[in-house]
Amino acid sequence: MTILPLKKEHWPQVAEIYKEGILTGNATFRTQVPDWKAWDSNCHKHSRFIMVQEEEVLGWCTLAPVSKRFEYRGVAEVSVYIKLNAVGKGIGASLMEKLIESSEENGIWTLYSSMFPENIGSVRLHEKFGFRKVGFRERIAELNGVWRDTVIYERRSK
């Protein structure tokens with residue numbers, strides 16, 4: 001397995017993994033995968049990677065700015081998605097390690113994640129890499145007619 005920069009040509013496979021995550025009901029409030037242009041415009045140009053094995057994308061990660069305000073330039077939201085049939089193979093850990101390394105190289109001082117507390121795999125992944133729980137939002141938004149809670153984790157640069 002190899003980690004590569006995520007490029008436009010990877011988008012069809014990345015979008016399929018994103019769709020799998022959406023369908024679990026525990027990965028995001030989104031109900032549809034955005035198109036490449038929308039996704040690309042909302043993410044940093046740095047710190048976007050895929051894990052590939054024999055040309056198959058097994059997972060992806062990226063950082064997105066949390067605000068356009070200059071003061072928050074070093075704060076980014078983490079996204080890590082793994083192909084469902086590849087969960088449990090260390091792909092998330094490898095991608096998170098690469099993402100943290102890249103964030104440090106690109107002046108990001110705080111990594112932020114908001115996730116469903118039921119997404120135990122994601123919670124454990126973040127905790128493994130030094131993220132700490134800093135908040136809980138009760139019934140923050142509705143997904144498919146159900147009000148959902150989220151937990152907020154962050155990691156500060158050393």
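**Figure 1. Four helices and seven strands make up the fold of this protein chain.** What you're looking at is a predicted model. Walk along the sequence and you'll meet the elements in the order β-α-α-β-β-β-α-β-α-β-β. The C-alpha atoms fit in a box of roughly 40 × 35 × 30 Å along the principal axes. Is that what a compact globule should give? For 158 residues, the rule predicts a radius of gyration near 15 Å, and the chain has 15 Å, so the two agree.

**Figure 2. Here's the chain seen as inside and outside.** Of the 158 residues, 44% are buried. The accessible surface adds up to about 9,100 Å², and carbon and sulfur atoms account for 48% of that. Now take the contacts between residues at least 6 apart in sequence: 61% of them link residues at least 24 apart. As for charges, the chain carries 23 positive and 20 negative ones, and their mean positions lie 4 Å apart.

**Figure 3. T28 sits in the loop between α1 (11–24) and α2 (36–42).** Is T28 buried or exposed? Its relative accessibility is 14%, and the cut-off for buried is under 20%, so T28 counts as buried. Which residues does T28 touch, once you skip those up to four places away in sequence? They are Y18, I22, Y81, F116 and L143. The T28 side chain also reaches the backbone nitrogen of R30, at 3.1 Å.

**Figure 4. S47 and N144 each have a positive phi, and neither is a glycine.** Start with S47, in the loop between α2 and β2 (48–53). Its phi is about 60 degrees. With a relative accessibility of 3%, S47 counts as buried. Now switch to N144, in the loop between β6 (132–143) and β7. For N144, phi is about 50 degrees. N144 is exposed, with a relative accessible area of 67%. So here you have two loop residues with positive phi, S47 being buried and N144 being exposed.

**Figure 5. K158 lies in the segment after β7 (146–156).** Is K158 buried or exposed? Its relative accessible area is 87%, and exposed means over 50%, so K158 is exposed. How far apart are K158 and T110 in space, C-alpha to C-alpha? The distance is 9.7 Å, while along the sequence they are 48 residues apart.

Methods
Residues are numbered from 1 along each chain as its sequence is written. This is a predicted model: local features need pLDDT of at least 70, side-chain atom pairs count only at pLDDT 80 or more; totals for chains, interfaces and linings use all residues. Side-chain values use heavy atoms; hydrogens and water are left out. Helices (H or I, at least four residues) and strands (E, at least two) are DSSP runs, numbered from the N terminus. The radius of gyration is taken over C-alpha atoms; the globule rule is 2.2 Å times the number of residues to the power 0.38. Buried means under 20% relative accessible area, exposed over 50%, partly exposed in between (1.4 Å probe, protein chains only). Contact means heavy atoms within 4.5 Å. Accessible areas come from the Shrake-Rupley method with a 1.4 Å probe; for residues, only the protein chains shown count as cover. Lys and Arg count as positive and Asp and Glu as negative; His and the chain ends are not counted. The place of a charge is taken as NZ of Lys, CZ of Arg, CG of Asp or CD of Glu. A polar contact is a pair of N or O atoms within 3.5 Å; within protein, one must be able to donate a hydrogen and the other to accept it, and residues adjacent in sequence count only if both atoms are side-chain atoms.
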